[in-house]
Amino acid sequence: MRLALCQINPTVGDVDGNAAKIAAWIERARAAGAELAIFPELCVPGYPAEDLYLKHHFLAANVAAVEELARGLAPGITAMVGFAEPVEAGGDYRHAYNSLAVLADGAVRRVYRKNRLPNYSVFDEQRYFVPGTEGDAVEVAGTRVGLTICEDTWAPGPPGQAEADAGARLISNPSGSPYHRGKGHEREEMFGQRAREYGSYFAFVNLVGGQDELVFDGQSFLLGPDGAVLARAAQFEEDLVVVDVPAPEGEPAPLADALPDLDEVYGALELGLHDYVEKNGFRHVGLGISGGIDSALVAMLAVDALGPERVTLVVMPSPHSSDETQDDARQIAHNLGTELIDIPIEPMMDGYRDALDRHLNPAAADSDSSPSDPTKPSEPDLAAENIQARIRGNLMMALSNRHGWLVLTTGNKSEMSVGYATLYGDMAGGFAVIKDVPKTLVYELVERRNERAGRELVPASVIERPPSAELRPDQLDSDSLPDYDLLDRILEAYVERDEGRDEMVAAGMPGEIVDEVIRLVDRSEYKRRQAAPGIRITPRAFGRDRRLPITNRFGG
């Protein structure tokens, strides 16, 4: 049998557009001689469509699209497409099954319903779907093909094992498996074990593309009964892989190489940003460029995802901005080929001081001097620092309103974890590209991107300079935070692995610093609830992954 793995990038809610794409790809597969074309999980309505799955008219639209696809199917090919199948009667607020339609000869010939519904991490399938209870298989070109969907085969046993025991030579597994760092290798190892257990070929067909905070990396594959990878699709791009089962002796396999670790993470961020912009109809993005490492990484990602002509960098120096960082900011814009806007914020800082000094500085309120008297400046403090950040946020949002830009924020996971960010300031914007990227990884990604470019897109001085928010004279991040190497170790343990204080101290992390980091992370939950959505690249991101109460007195 000739098999086509159809790794496509659908858009949630674009039922007609997704169906048109599926029809075009079925024809491409048929033209390549494929007898079976497998598409990803829920590719007709899009995944995850969240509470859209609870709307009867949404379900009706996606069923109509599946039926139209079946009627238009050319002879000689069978297609498997994922859709949300309405529950006919009874049930509770859930109105659908997560289903797979088998299309052939102008009709829907079989429907399989996903048995195992994940309800952990970013998954909420038990909120939306009713589970199926049985396995199933179909005959295609003389080969018995077992039907499963994603989670059905993530653990041993039925339905996949039962289908193989009943004679299925190939197990199909349309999936919507979201990316995190290293996920591709984990999947191949796990599914290789399933293939060996089943003694069958195994076809995993994954979604690709960005959907809000999630990225689907593709990397679909065909495994042999011994678990060996016989064919593999590309990562982070649509791909059609056509392969014979079994493969003729000596015939080269379509086997895309897996990306190196840092290139994989960068690719996920680039695709997530690109699809958020494109699928939401933005034409242009803007971001504040400070001369620091975080905004440098976001600027590189924006240019790689969209092209320099669709990116504007805005430098907004204050009296505390060093000449070196401002020179670096302008150099980055030049190196990337973007538009650069320069707006000094000192006059606005003076205006805020004149308006607020009497209220923020008790000494000024008791003085006969004018609030704007330059001979009696108020001492720099946190309120004054945050005003600078909020001026910059205000300027970025004004430019967004005028030009229709999507404003990209530049805070990283380390800062978001401990609240080292200003609400309505550097947190102001529509999309937080590196929200799930720890600070230490930010440096690695910038260095790797420079290496791939063969030149310094980001000057070495940006990488080598001690990090600073530059909101007061001689300020360094280390004045407020532990060293980032230690901080990121603690955050990985506390945020991503849910370890408690005793476990972290037993692992050699200093108790006093652990206590302070835990306090900062817990206290900052209210800030994270107000942050823009951002791309998930770790196994445990803030948002869909990690849901904790704002009002919370448990200290661990």
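What follows is a walk through the fold of one protein chain, taken from a predicted model.

Let's start with the whole chain. The protein chain carries 18 helices and 19 strands. Along the principal axes, its C-alpha atoms take up a box of roughly 95 × 50 × 50 Å. The radius of gyration is 27 Å, which agrees with the value near 24 Å that a compact globule of 556 residues would have. Buried residues account for 55% of those 556 residues. If we look at contacts between residues at least 6 apart in sequence, 72% of them join residues at least 24 apart. The accessible surface adds up to about 23,100 Å², and carbon and sulfur atoms own 49% of it. As for charge, there are 54 positive and 89 negative side chains, with the centres of the two sets sitting 4 Å apart.

Next come the strands. Strands β4 (residues 96-104) and β5 (residues 107-113) pair in the antiparallel sense, with six bridges between them. Within this pairing, Leu 100 has Tyr 112 of β5 as its bridge partner. Two residues separate the strands of this hairpin, and Asp 105 there adopts a positive phi near 55°.

Further along the chain, five strands make up an open sheet with parallel pairing, in the order β17-β16-β15-β18-β19. Its edges are β17 (339-342) and β19 (431-432), each of which pairs on one side only. Four bridges link β16 (residues 311-315) to β17 in the parallel sense, and Val 314 faces Ile 341 of β17 across this pairing. In a regular strand, side chains point alternately to one face of the sheet and then the other.

Arg 310 is found in the loop that runs from α7 (293-306) to β16. Charged or not, this arginine is buried: its relative accessible area is 18%, so it falls under the 20% cut-off. Leaving aside residues up to four places away in sequence, Arg 310 touches Val 277, Glu 278, Phe 282, Arg 283, His 284 and Val 285.

The loop between β14 (239-244) and α6 (261-279) is also worth a look, and Leu 255 is part of it. Leu 255 has a relative accessibility of 41% and therefore counts as partly exposed. Its C-alpha lies 4.6 Å from that of Arg 232, although the two residues are 23 apart in sequence. Arg 232 is also among the residues that Leu 255 touches, along with Val 229, Leu 230 and Ala 231, again setting aside residues up to four places away in sequence. Pro 246 belongs to this loop between β14 and α6 too, and the peptide bond leading into Pro 246 from Val 245 is cis, with omega near -5°.

Another cis peptide bond joins Tyr 47 to Pro 48, with omega at about -10°. Pro 48 sits in the loop between β2 (36-38) and α2 (56-71).

Finally, there are some backbone oddities in loops. Gln 219 is not a glycine, yet its phi is positive at about 55°. This glutamine lies between β11 (214-217) and β12 (221-223), in the loop that joins them, and with a relative accessible area of 4% it is buried. Phe 236, likewise a residue other than glycine, has a positive phi near 65°. Phe 236 occupies the loop between β13 (229-232) and β14, and its relative accessible area of 11% makes it buried.

Technical notes
Residues numbered from 1 in each chain as written. Predicted model: local features only at pLDDT ≥ 70, side-chain atom pairs only at ≥ 80, totals over all residues. Heavy atoms only, no water. Rg over C-alpha atoms; globule rule 2.2 N^0.38 Å. Buried < 20%, exposed > 50% of the residue type's maximum accessible area, 1.4 Å probe, protein only. Contact = heavy atoms within 4.5 Å. Areas by Shrake-Rupley, 256 points an atom, 1.4 Å probe, with all protein chains shown as cover. Lys, Arg positive; Asp, Glu negative; His and termini not counted. Charge placed at Lys NZ, Arg CZ, Asp CG, Glu CD. Pairing = 2+ DSSP bridges.
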